[in-house]
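Work through the exercises below with the model open. Each task is followed by a solution in steps.

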There are 2 protein chains.
Amino acid sequence: MTTTSSLTTVLLDVDTGIDDALALFTAALSNEIDLVGCTIVWGNVDVEQGARNTSEVLQLAGHGDVPIALGAAGPRDGSRAVFSPEVHGADGLGGCADRAHAPVLSRDGAADETAVEMMLRLSHAHAGSLEIVAVGPLTNLAAALDADPTLPERIRQVTIMGGAALAPGNVSETAEANIWHDPEAAQVVFDAPWELTMVGLDVTMTSLITDEHRARLAAGGAIGRFSSAILDYYLAYYESFSGERASGNHDALALAVATGLVKTTFSPIVDVTVDCSDGPARGRTVTTLEGEWGQWPERDGARHRVVMEVEPGFEERMIELLATA
Amino acid sequence: MTTTSSLTTVLLDVDTGIDDALALFTAALSNEIDLVGCTIVWGNVDVEQGARNTSEVLQLAGHGDVPIALGAAGPRDGSRAVFSPEVHGADGLGGCADRAHAPVLSRDGAADETAVEMMLRLSHAHAGSLEIVAVGPLTNLAAALDADPTLPERIRQVTIMGGAALAPGNVSETAEANIWHDPEAAQVVFDAPWELTMVGLDVTMTSLITDEHRARLAAGGAIGRFSSAILDYYLAYYESFSGERASGNHDALALAVATGLVKTTFSPIVDVTVDCSDGPARGRTVTTLEGEWGQWPERDGARHRVVMEVEPGFEERMIELLATA
C-alpha cells in the first residue's frame, strides 16, 4: 500500500462477521489506510472462526501479509460467550466462509503473538500514530489496558463500532450488540484516558447498504462478488424484521470515521456510561444526549465523541472501491 | 357532583405538587368524574405536606368533603425519600401552599384510615367500577397489593402518570421521576393482574401548558388565579432548562385518559419492565417499543397499555374549566 501524507496507521480489532469483512476489504483496498494488524475477538462468531474469516478476507484482498492475532474467546467476566449466527450465519460469512478458497495458513492464519501482545507491540512500533478501530466486543481492548495501563499514551485514537446514544438497541430494546456482549469490558475502554470516538447505531443504522449496492458488487470482480454473496445473507436478516433489503453499515463506517474516509457533521463530546447492571437496560450506552427533557448538569470532563451524523456518500464510495477491486 | 351515566368513579393517589393540584381541580370540577377519595404518597413533597396541599386544593374547589388518607413516607425498599423542591417549590405549590387560606382541618385533613385501608375500602364500595389514577411514586399501590392481592379483581383500571417508552427521562437520562422514585413499587404494580394504562413522558411532554394558558387562568376566578400562581413557579422551572415557559401536563392528562376526558389515538399494548437495577438506567420503563432496530419476539401476554398519542385539545378544555370555576 502506497505511503502518502494522509495515510492512517490502523489496527483493526474484529470479530469477522459480514460487516467486519466489508470493513476489512475497505481497509485493505483504501489508499489512505495502512492496515498494520488485525486482532481477533469473539462476538459475531467464536474467536477461531473469526480468525479464519479474517485470514480469508485479507487473502482475497491480496493482503494475506497483514498479521492476525487471536484474542479473547468470551466476555471479560467469564460468563458464557453468545454468538450471532442468525445475523451472520453459523460461519460468520453467511455460509460463504470457504468460498474464497484462500490458502489455509497454519494456526488459522494467526500469528504466534496474542491479541494483547500485538496491540502493545504495534502501540510501540507506531507510538503516537496508531489508530485502533474496534468493531466487536471490547474484551481485547480491556485486556490490553489491564496488561499495560500506559497503552493510551501511545494511541492516537480509539474508534469503536458500538452503542446507541438516542437510537434503540438491536440486541435488546436498549442495547447494541457489541456493547451488550461485554458491558464490563466496554466500561473499562470508555474509562481509559484515550481519545475515544463512538460510532453507534445512531449513525450506522442511517448509513445503509441496499440491495442495489449488493447488485453492483455482484457485477464486479472477485471481492465484489464475494461481498455480494455475504451481503445476500445479511440483507435477508434485515429484511426479516424491517421488511427492507437494507442493512446498517456498521463496521466499515467506524473505520471510515476513524480514518477520515467520511466526515462527521454532528459528533458531540459527552460522557458515556455503560449499563453494567443485570437490569433490562444492560449494555445500554447512557449519555446525557438522552437528557432532552431533564435538567441536570453535564458531567465534568466529558470526553467521549459520539458520532450522530456523517456526510452522506461513503457507502457509494465504498461499494465502488469493492466492486472495482 | 351530579351523577350521570358517563360518571367515572375515581380514587386519586397523589403527591400534591403543582401538576397534581391541576389534576385535583380537574377531578373536582368535572361533571364526568366522581372523586371518592385521595390517597397521599411521598414524592414531589413529603407525605404530610402532600396531604396539606391536597386538602387545601380540594377545599378551594369546594370539595373539602373528599376523604384524604395518608400513605407511604418513602420508597418501598426503605431507602431515603428524595423530594423535588426544585420543580414544585419547598411547599410543593411553588410557595403558594398557604395562599388559598383554606380552613385547616385536623390531622392535615387526613382521615383516620391509612391510604392502603382507603384503597381497599373503596375497592369494595365501588367494586368493578373504581378507577385508580396514580400520579406519584407507586409505593401506596404496591402496599395495597401486599395487603390484599385480590385488589385487582375489584378495580376497573389503574392509570398511572409515569415512565417513558421512547421519550428520554426527566430525572435522569432515561428515567421519569415517579418511576425513578420507587422502581421496586412500580414493578409490583406493573406485575399485578389488573388493566394498567401508562401515561408517560411520551405524551405528557407533548401536551403542553403554556404561559398563555397561565394568563387565561390568572384572569379567571379564585381557582384560576391560584392555578396561575402555582404555574408561574412551574413554568419558570421548565424555562430554566428548555428556554420556554411551557410545561408538560403530566398528572391531569393521566386523569383525563382514565376518565375519557381525552381520547387516545395511539396506545399500543406492550409489556413494561421496570429497571430496578442500580445501573444508570434505574427507573427506566423498558418496553419493546424501543425495539425498532432489533429482532426479537414480543413477549407473550403483553398487557400494559402505553399511551403514545392523544387527541389535541384537552389542555384548552382544562384551562377553560379551571378559569371559569
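A residue is buried if 20 or more other C-beta atoms lie within 10 Å of its own, exposed if 12 or fewer, and partly exposed in between, with C-beta atoms placed from the backbone. Helices (H or I, at least four residues) and strands (E, at least two) are DSSP runs, numbered from the N terminus. The model is predicted: local features need pLDDT of at least 70, side-chain atom pairs count only at pLDDT 80 or more, and totals for chains, interfaces and linings use all residues. Residues are numbered from 1 along each chain as its sequence is written, and chains are lettered from A and ligands numbered from 1 in the order in which they are written.

**Exercise 1.** Determine how many residues of helix α11 of chain A are buried.

Solution. Take the helix as residues 250–259 and apply the cut-off: 10 of its 10 residues are buried, and the helix is mostly covered. The buried residues include H250(A), D251(A) and T259(A). Next, inspect the residue that follows α11(A): G260(A) has a positive phi, near 80°.

**Exercise 2.** Is D19(B) buried or exposed?

Solution. Locate D19(B) in helix α1 of chain B, residues 18–29. Count neighbours: 27 other C-beta atoms lie within 10 Å, so D19(B) is buried. Then list its contacts (C-beta atoms, placed from the backbone, within 7 Å). Leaving out residues up to four places away in sequence, D19(B) touches H250(B), D251(B) and A252(B). For G92(B), the C-alpha to C-alpha distance from D19(B) is 9.7 Å, at a sequence separation of 73 residues.

**Exercise 3.** Describe how α9(B) and α12(B) cross.

Solution. Two packed helices are described by the angle between their axes and the distance between the axes. Axes are lines fitted to C-alpha atoms, for helices over the stretch in contact, and angles run from 0 to 180 degrees between N-to-C directions. For α9(B) (residues 211–218) and α12(B) (residues 314–324), the axes come within 8 Å and cross at roughly 20°. Therefore α9(B) is roughly parallel to α12(B) (angles under 35 degrees; over 145 is roughly antiparallel, 65 to 115 roughly perpendicular, the rest oblique). Finally, list the contacts: H213(B), R216(B) and L217(B) of α9(B) meet E315(B), I319(B), L322(B) and A323(B) of α12(B).

**Exercise 4.** What relation superposes chain B on chain A?

Solution. Superpose by least squares on the C-alpha atoms of residues with pLDDT of at least 70 in both copies. The result is a rotation of 180° with 0.0 Å of shift along its axis, at RMSD 0.0 Å. That is the relation of a two-fold axis. The same surface serves both copies, as 100% of the contact residues of chain B recur in chain A.

How values were computed
Contact = placed C-beta atoms within 7 Å.
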